[in-house]
Structures are given as structure tokens and as C-alpha cells.
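Reader: Hey, could you walk me through this one? I'm new to reading structures.

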Amino acid sequence: MAYSNKVIDHYENPRNVGSFDKDDASVATGMVGAPACGDVMKLQIKVSADGIIEDAKFKTYGCGSAIASSSLVTEWVKGKSLDEAQQIKNTDIAQELALPPVKIHCSILAEDAIKAAIADYKQKHGG
Amino acid sequence: MKLPIYLDYAATTPVDPRVAEKMMQYLTMDGEFGNPASRSHRFGWQAEEAVEIARSQIAELVNADPREIVFTSGATESNNLAIKGAADFYHKKGKHLITVKTEHKATLDTMRQLEREGYEVTYLEPQTDGLVTIAMLEAAIRPDTSVISVMFVNNEIGVVQDIAAIGELCRSKGIIFHVDAAQAAGKVDIDLQALKVDLMSFSAHKAYGPKGIGALFVRRKPRIRLEAQMHGGGHERGMRSGTLPTHQIVGMGEAFRLAKLEMHDEIKRITALRDRLLEGVKDIEQVFLNGNREHRVPHITNISFNYVEGESLIMALKDIAVSSGSACTSASLEPSYVLRALGMSDELAHSSIRFSIGRFTTEQQIDHTIKIVHQAIEKLRAMSPLWDMYKDGIDLNTVAWVAH
């Protein structure tokens, strides 16, 4: 498969791989996808008291574009407020990485991961 | 070392330089370019002679009569001609056919087409080791079963079916037996005097010959009849019309001649390389060899690396040309239907890599492969949430995944 240089760069040098302590109150976790589908993304965000995403980490089981999509969103969410991060669209991810049509689901999954992490944060902090 | 390392010999093999050299003599004005069907001049006669020598060379590898070899464009066409041709010709006997779920698409899609034409097909599910048993076949056979098709060596996992026993069963029931031997010729001993096989498909490019040429063995005693699928000048005793491509045929003949001469030494050498590869990766946790351990060719090794996704693994192995058990790299995102038919979970099927070793593989290449595999697995598992969960003792089957 002919991947864009951006996908290959994120795949070969993934940004922000790792985990935070999930029991830390400032940390929220979004896990989306299923092993049977070939992709599972875990995105964690660390949110400051004033609602800004200070840091983000990911772990992904999936193809090159799934890894690249999750790596990219960890960069994008950093410094954003939860509301701003909520606005990130899969089409932006797909466009930035020039994903081929059969890999669009990876960008959808990355968007879902952000939304799941934000939802987890809101649930942890009483909505 | 020249990179990438080619470990996809099951997809295709390079043409052996000795074969290419031979083929070049049958193309230009200075060579034997004639039409083998031209009966009125030397050009035709010489081309015909070359074709007949090649036909004998192919027959010799599998202990058949040269008159039993019909040239086709490859194993896909051979499978089509064998299955459709026999089903059509013997349709009065019955319209039930049997095959196996792990067959090549050239067989499965041919069967699907026959279903659309009113035939009934039973697709056997093999054991989890990839083999079909005589009991399974016996249970599936009906009075109206006309053709059974089982491949000799599986292209994804390399297991070898018990063709001799299946042949006995088919012959005792008067059922035509077709075998797709695309991955078997030159890899296992084939003796068509002993095997009760009626039709057998061959490919040149899996055995160091050129692409675009193959053959179908059509037994003479007892005589098997076929309805032609390609009509025209009545070449190949009416079974397959079309001008014979002399250079391709000569290439296939030379490739099969070399296979007969060298296959036993080659099998030993490739077995040693395969063992070296397995030895090199066996200390990685959660690694599984797919398919029966004994009844297999050494050329094809299919390994699952649990908790690592196949396509990203292939990307990480970019210096090694292998193929994924997962078809992620094509338009389809389905995991390999062959591995699924063995009862393997989708995720393990997604995590599988086929390494296929061949004539030009070296020890040095295998050692480098082992090194790269270790690095890739380490990197991807460090990135894999599933690996973390496995390490934390979480049973992934109990997790409520959100399928997408």
C-alpha cells in the first residue's frame, strides 16, 4: 500500500506513545475499536484544572494508518480545551495524513477515541 | 546484504536464470519463434518439437504421460478448466461437487460460478490444523457427487493434504478427483502413476518458471473427458484452444526439469533455513505456528504474532518482503479466510505473517529476518494496548469491545 510520507513518519516515529496512571483524577481514557476488526486505540488525556488538555498519550493495535491517526491526534489535542478537542473531525485527520479511502475508518476511530476520552473525563468529574 | 529480502516465494518465484536463458532462444528471428501449430515449414516444426520436449519434462516431474499434459495460462485457468470442464461433461452423473474452505480462490470462485449455474457445492471445513480427513469426505459424498477438488499444498499455511488416500476414496466411488498442485510441484514428490488423481493443476511461476503459463494433467487411463472452456483452433486435443506460447512453455519445461534434478537437495536446504527461522523466533512470547506441524512443506511458514496487527507488522518488516495472513493491504479488510476456516479468531488471523522461503534464500537473510522480526514485535507490542492487557492478565474475550 502506498502510504503518504506523513503516515510513514508517524508510524516510524510515533509521538507520545505510552500510558498515564488511569487512577489519576486528571487523566481520562478513551478506548475504541475491537481486536476482531483489526484496530484498538487507547487515547489518554491529562487535563488541567481549567479544562485544558496538557498532555496526551496513546497505544494502538492496528495498521499503519491507525497508528499514524492516533499519533497525530495526541499532537493535535495538546493545548486544546475539551470543547476545542471535541471539534476535531475525522475528515481533518484523513486529509492531514492523506489516508487512502480504505483507511478512512482509522481516522473515524481516532475521532471516536478523542470523544471517548472526553466523555470519560466528564463522567469522572460529574459531567 | 541487498534489501528488501524476498521471502514471498509462495506468491511467485523469480525465474531461474537458466530458465530465462532458455526462453530467450524462442522469441526472435534468430531463435525458434515459429507457431508450433504451423505444419507447413521448419519454423513450425521446430517450435512444435520444443513444445513437445517441454511437455515431456513436465510429465517427467510428476510421472505422467506427456499426452496427459494440457497447457494453459496458469493454475487459475487449469482449475477452471478442470472443475468446470469435468462438471459440465459429467453433469448427467450428478450436479454435486465437494471442495474445502481453505482452497485457493481460483477453485472457490469457480465453484461459486457453478453454484450459479445450478450445481450444489459442499465446502468442507478442515480440522484446526488445516487438514481434511477421509471421514469428512465420506460424510459429504452423495450419490450425485461428480467432482471433488482438494489442493495438494496450501498456499497460505503450507500443509500437505493426504492426496493418496483421498484419491483412493474418490476412485472407489467413481468420483472425478481434481488436485490443485500449484504450490506442490517441485516441493513434494508427485507420482501420478501411483496417485489416483484424475486432474491436476500446475503453475510455472511458483517453480522458478515464467508467469502466464501452466498446465493441467488430464488422465488417459481411466480416460477423463472435459468440456472445453476455451474454443478456437482445437489446440491441445480440443481441450484448450489458443496458439501455444513456445517461449513460456519451454521455460516451464526447463523449470520442471531443474526441479526434478534439484528438488531433493533443495528441500533439505530449505528445511534447514525454515528450522533456523523457527528457532530464531521461538523465544518471542505468544507466537504460534499455523497448520499441521508434520504434514507440511518447508517452503511456507505461517506464524501468528499475538497482539500485533498484521499490516503494521508488515510495515515494520519493510526490509523483508512477506505477506500478511490478513488481507488488510488489499481493498478488503477481512482477515485471511484460510486462517478463519481453521477456527482461528479474527485478531489472531489479523496478526499472521506468511514467510515463504525459496531457491535463492540464504542463511544470512534468515538471520537478518530474525533480527528485524524481534525488533518489530518489540516495537509494536510496546505500542499495543492489547499486549498491556494481556500482560495485566485481562482475558480479551471478556472485554466489551465496541466493534466498528
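Author: Sure, we'll start with the contact between the chains and then turn to a sheet. Just keep in mind that this is a predicted model.

Reader: Ok! How many residues does each chain put into the contact?

Author: Chain A gives 24 residues and chain B gives 24 residues. On the chain A side, the elements that supply two or more residues are strands E1 (27-34), E2 (39-47) and E3 (53-61), plus helices H2 (64-77) and H5 (104-124).

Reader: Which element gives the largest share there?

Author: That's E1(A), with four residues. By type, the chain A side that touches chain B has 16 nonpolar residues, six polar and two charged.

Reader: What does UniProt say about residues 2-125 of chain A?

Author: An unreviewed UniProt entry annotates that stretch as "domain: NIF system FeS cluster assembly NifU N-terminal". In the model, residues 2-125 of chain A are 45% helix and 21% strand, and the end C-alpha atoms lie 43 Å apart.

Reader: Switching to chain B, what order do the strands of the seven-stranded sheet follow?

Author: The order is E2-E8-E7-E6-E5-E3-E4 in chain B, an open sheet with mixed pairing.

Reader: Why do E2 and E4 of chain B each have one side without a neighbour in the sheet?

Author: Because E2 (69-72) and E4 (120-124) of chain B stand at the edges, each with a single partner strand. Neighbouring strands of this sheet are turned by 20° against each other on average, direction ignored.

Reader: And how do E3 and E5 of chain B run, parallel or antiparallel?

Author: Parallel, with three bridges joining E3(B) to E5(B). Leu97(B) sits opposite Val147(B) in E5(B).

Technical notes
Residues numbered from 1 in each chain as written. Chains lettered and ligands numbered in written order. Predicted model: local features only at pLDDT ≥ 70, side-chain atom pairs only at ≥ 80, totals over all residues. Contact = placed C-beta atoms within 7 Å. Nonpolar A, V, L, I, M, F, W, Y, C, P; charged D, E, K, R; others polar. UniProt positions renumbered as here; feature names shortened; annotations may be inferred. Pairing = 2+ DSSP bridges. Axes fitted to C-alpha atoms, helices over the stretch in contact; angles between N-to-C directions.
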